[in-house]
Structures are given as C-alpha cells and as structure tokens.
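Trainee: I have a model open and would like to learn how to read it, one feature at a time. Where should I begin?

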Amino acid sequence: MAQTFSSAEVVGSHLKRFPVRHLVAGELQGSERSFGVINPATGEVAAQCPEASREQLDEAVRLARLAQPSWAATPIAVRREALLEFARRMVEHEEELAGIITLEQGKPLGAALAEVRRAAQVLGQVVSISLDDEVLRDDANGRVELRYRPLGVVGAIAPWNMPIVLSVPKITHALYTGNALVLKPSPYTPLATLRLGEIAADLFPAGVLSILAGFDKLGQGMSEHAGIDKISFTGSIATGKKVMASAAVNLKRLTLELGGNDAAIVLEDADVAAIAQRLFDGAFVNSGQVCMAIKRLYVHESLYDAACEALTRIAAAVRVGDGFNPKTQLGPVQNKAQFEIVKGVLQDTQATPAVRILTGGRPIEGPGYFVPPTLVADIAEGTRLVDEEPFGPVLPIIRYKEVADAVQRANRTSYGLGASVWGRNTRRATEVAGQLEAGMVWVNRHVGADPTVPFGGAKQSGIGREYGIHGLRAYMEAMSLFMPPSVR
Ligand code: NAD
C-alpha cells in the first residue's frame, strides 16, 4: 500500500526508519553529531538531523571545485535535462516531501504539497530561459561579444519559512549556469531539503551538488570559505550583513534576498468587498511568514472602516491549527525564537495608546507556537508593528488622507522588497505604483513571483536578483570579448 504522510507520528516514524543524510561529494553521509528538529505544532522534537562538521563542508567544497569544470563543459541541454529529471523526482516524492515540510515547518499539508509542486514548476521555467551570449557590436571595426561563464562554486544558505521553494531555485540557477553548489538549509527546517539531496544523489556528477545541514556557524564557514566564489543567501537583513562582511575575504559575488516590510496602498476608488480576501491572503499567507507578504496596509480614510470590517470577518473564520489537520488553514509560527519576537510585537502593540486590536492579539494557549490572525487598527508609524518586520500573522491597518502622504510613508523605511497599490482605476493605481521604492510592485495583487521575471529587494531588502535572465547572470561572470573583423 502506498504510504500516506498524514500525521506527525507517521512522518516521524518514517524518518526514524529512514534517517535523512547529507549529500556530500556525491555520497550520502551521516555525521558524528546530530540535533533535534522541533515540530512547531507541539514544541517537541519530532526527528533527528545529522549536523555536518567543518571537515564535511571542506570535503564538499573540495569535490565541488574538482567537479565543476567538467560540469560547466557539459552541454547545456544535458544540464537542463538532469535538472528536469530532478523536478520529476520531486513530484514523484511530493507526498513524502510535503509531510516532512509540515512536520518541521508547520504549514498545512496542502500548502506544503503546493510548495513542492511550485518548486518543480519554477525549476522548469528557469531552465527554459536561454543563456546565449550577447553581441554588443558587429561592424567594420570588429565584433564585441559579451560572453558569460559560470563563477565556479556557489554556496547557498536558506531560511525556514519556505524551505523547498527557496532552495530549489538556488540549485537550479547554480547548476543550470554550470556552477557547482553547496547548499545549507536552516537548522529549523533541514529535513525536507536533505531528503531532496537523497532524491538527487545519482542525478549529477559527484560534487556538483552537496547539501549539508548545520547551524549558523556552518553558514558562516561557507561565507568565509576561500573555496566558494559566490553566496546566494536568503534570510534576515541582520544575517545578510554578516554574510556580506565574511564574503569580503575573497570578494565573493553575492545575491542577498533579505527581509521585507511591504506596504499595500488601498486607493479611494478600490472595491473593498472584492479585494478583501486577496488583501488578507497577501498578508497572512504562510501565517505571515513570507518575505514579500503585506506587512503594512495603508487604507484611504473613506474606506477605512469598511476595510477593517471585511478583514475582521475573514480573520474570524480562519482555522488555525496543526498542519496535519485537514481543516487547518494557517499553521503555527515556525520556531520559538520567532514566536517570542511576535509575542513581543503584540505586547508592544497592546501597550500603545488608542490602538484597536480587531482580532487575535494574544498567542493561543497550549503547546505549539500558535498565534491567531491579528488585525490592528488605528496604528501608525513609530510602533514596532509598523516599523519592523514581525514575520508572523499580525497586520497593522493604517489610515491615510492623501495618496502622496501614503506613498511617502510607505517609502520612509530602509526595507524595499515589495509593495502594491489597489484601485478600480488601474491606470491611476499603476501611476502610484511607479512611485514606490521596492524591487517588485504589483497592481491589484500582492505576493507572487514569476520565475522568468527578476525577483529581489531594493534598499536593505537585498542585493541583486534571482529569477529571469538577470538572476541567472548573477551566477556568471561577464567577459567582453573584442574580436577583429576577420573573425566573422
Ligand atoms: P536568518 O537570517 O536567521 O537565517 C537564514 C540562514 O542563515 C539560516 O540557514 C542560518 O543558519 C544562516 N546563518 C545564520 N547566521 C549566519 C552567518 N553568520 N553566516 C552565514 N549564514 C548564517 O533568517 P531566518 O530567520 O531563517 O528567515 C527569516 C528572514 O528571511 C525574514 O527576515 C524574511 O523576510 C527573510 N526572507 C527573505 C526572502 C527574500 O526572498 N527576500 C525570502 C524568505 C525569507
């Protein structure tokens, strides 16, 4: 009978029978040390994960350097096909991977399944992008081509909110462009990513892909490693700054996908009833633990009460709970440290005079790190909830009078990941959208990346882009090749 991964117990006992291993230099390896991975729905250790040693990291990097030149010389069609086979295997294992994601990350099983499918789909779209060299000039004086070569060995470091959908693009970008990759998932959510490595173990030449689990020190070891040419990092701004400092050692190339505090501006002519669900989903998807979720909702004063009411109705009907319960719509906050941050923001909000908490406001009693969707009205800048990235299910609804003022307030931050503008007159909304300082701006929607379009943050939300040809080129070095006319 086919295995169904329908409860924490089933997934936990599966992982006990088949413990996940690192993929190092083409081999599946355990480690001398291991650590417990916590199920955020219970707060208890659900499975063990091996902890990679510094020697294992060095071995992965050494083999990556050895394997990379012939991988780069492998025809791109072969590299593409190996990656597409990886995507097919992901889908074949989607139930198992989704079960592991729900166990370690907490999100509902349906959302975990969607994450695996989305990762496979993203892979397919990224490898459909053409990597041709460019001809910059071709005339009587000669020809100039811009040729792109892989950088060598890339280190990828991932966070815990979307372990698979944030790691698979890094694997895809690196391997498709002819690099070798060493990937480290977050210590909070390492299991599904290590399982991916097992699934891919025989697909790529030994050393081309390594996946090792470990704590922050292992990530630091990667950022500082002289054998790594680039770091692709997704995580917090604070850690991004540390990665940048460590990467100076050998002037590593960097792609930094960091935190966001996205504003959404609802214009006076918006149809609140029609957009309320989309606004809610844009803020509370993955329990608010999405870099590009709506984190500040600016609503015109004429619609303010209607928007608060519509969002309150939606929030009140949402079921928060264990991701393995089929009725659950939102899971827990992923880890204790983040739970404490969210609780701190809630306490600060409760203590702010004149603020109205429309729904939620306090963690749910009992085991696990549960917070109900929390809507906060009559709040403004100068509070932790508005100025910081809470990265949890809490949304401030901010009143404004003049659009120009809303734009200014939305821009008055060091974050710059995403933003959105909502209104019936889409021409006007697009005009306002063009004034927002962010890497990605949407009209009448929020959250959503297209793997063929550059994704990334302005200001302190990041450096560089992933996705699209811009994202792929960031894994390559450009060479301007000047040829005499006779070469043509
Ligand atoms: P984090 O910065 O704490 O950790 C991310 C990763 O960095 C982990 O694997 C961690 O082990 C590693 N790490 C920690 N210290 C390190 C160091 N000194 N050197 C190298 N690696 C180190 O982030 P998190 O809490 O896991 O993730 C949440 C944050 O990620 C939020 O701010 C969120 O907005 C951001 N995020 C951004 C994007 C994006 O695409 N822009 C996507 C998802 C999440």
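## Reading the model feature by feature

Mentor: Begin with a single side chain: Asp133 is partly exposed, because its relative accessible area is 38%. Keep in mind that this is a predicted model.

Trainee: Which residue does Asp133 meet in a salt bridge?

Mentor: The general idea is that side chains of opposite charge can pair when their charged atoms come close. Here the partner of Asp133 is Arg147, at 4.0 Å from N to O. Asp133 sits in the loop between H5 and strand S5 (134-139), while Arg147 belongs to strand S6 (residues 142-150), so the salt bridge ties together parts 14 residues apart in sequence. Arg147 is partly exposed, at 31% relative accessibility.

Trainee: How far apart in the helix are Lys336 and Glu340?

Mentor: They are four residues apart in helix H12, which means a separation of about one helical turn. Lys336 and Glu340 form a salt bridge whose closest N and O atoms are 3.4 Å apart. Lys336 has a relative accessible area of 46% and is partly exposed; Glu340, at 36%, also counts as partly exposed.

Trainee: Where in the chain are Asp378 and Arg356?

Mentor: Take the distance before the position: Asp378 and Arg356 form a salt bridge, with 2.8 Å between the closest N and O atoms. This pair links distant parts of the chain, 22 residues apart: Asp378 is in the loop between strand S15 (374-377) and helix H13 (384-387), and Arg356 is in strand S14. Asp378 is partly exposed at 30%, and Arg356 is partly exposed at 36%.

Trainee: How many salt bridges does the rule count?

Mentor: The count comes to 30. Salt bridges can also join into a network, as with Glu81, Glu85, Arg88, Arg89 and Asp202.

Trainee: Next, the domains. How is the chain divided?

Mentor: Into domain 1 (3-258 + 461-479) and domain 2 (262-451). Read the bounds with care, since domain 1 is written as two segments. The centres of the two domains, taken over C-alpha atoms, are separated by 30 Å. Their contact takes 35 residues from domain 1 and 30 residues from domain 2.

Trainee: What does the interface of domain 1 and domain 2 hold in salt bridges and polar contacts?

Mentor: The rule finds zero salt bridges across the interface, but 10 residue pairs in polar contact. On the domain 1 side, the elements giving two or more residues are helix H1 (8-17), helix H4 (94-105) and helix H5 (109-126). The area buried between the domains is about 2400 Å², and carbon and sulfur atoms give 60% of that area.

Trainee: Now the interior. Which residues have the most contacts inside the largest nonpolar core?

Mentor: Phe86, Met90, Leu175 and Phe204, in a core of 72 residues. Helix H6 (residues 163-176) supplies the largest share of this core, eight residues. Domain 1 and domain 2 each give this core at least three residues. Apart from this core lies another, of 29 residues, including Ile265 and Tyr298.

Trainee: What is in contact with Leu175, leaving aside neighbours within four places in sequence?

Mentor: Trp71, Arg79, Leu83, Leu181, Phe204, Val208 and Leu209. Follow Leu209 in turn: Leu209 is in strand S9 (residues 209-211) and counts as buried, at 2% relative accessibility. Beyond its neighbours in sequence within four places, Leu209 touches Leu23, Ile171, Leu175, Leu181, Ala200 and Phe204.

Trainee: Last, the backbone. What should I look for in phi?

Mentor: Most residues other than glycine have a negative phi. Ser287 has a positive phi, near 55°, and Ala354 has a positive phi of about 75°.

Trainee: Is Ser287 buried or exposed?

Mentor: Buried, because its relative accessibility is 2% and the cut-off is under 20%. Ser287 lies in the loop between helix H10 (272-284) and strand S13 (294-300). Ala354, in the loop between helix H12 (336-350) and strand S14 (356-359), counts as exposed at 67%.

Trainee: Which proline is in contact with Ser287?

Mentor: Pro332, whose contacts also include Pro40, Ala41, Gly106 and Tyr369. Pro332 is in the loop between helix H11 (304-316) and H12, and counts as buried at 2% relative accessibility.

Note on methods. Residues numbered from 1 in each chain as written. Predicted model: local features only at pLDDT ≥ 70, side-chain atom pairs only at ≥ 80, totals over all residues. Heavy atoms only, no water. Core = buried A, V, L, I, M, F, W, Y, C linked by side-chain atoms within 4.5 Å. Buried < 20%, exposed > 50% of the residue type's maximum accessible area, 1.4 Å probe, protein only. Domains from an automatic or database assignment. Contact = heavy atoms within 4.5 Å. Buried area = accessible area lost by both parts, 1.4 Å probe. Salt bridge = Lys/Arg side-chain N within 4 Å of Asp/Glu carboxyl O. Polar contact = N/O pair within 3.5 Å; in protein donor to acceptor, adjacent residues only side chain to side chain.
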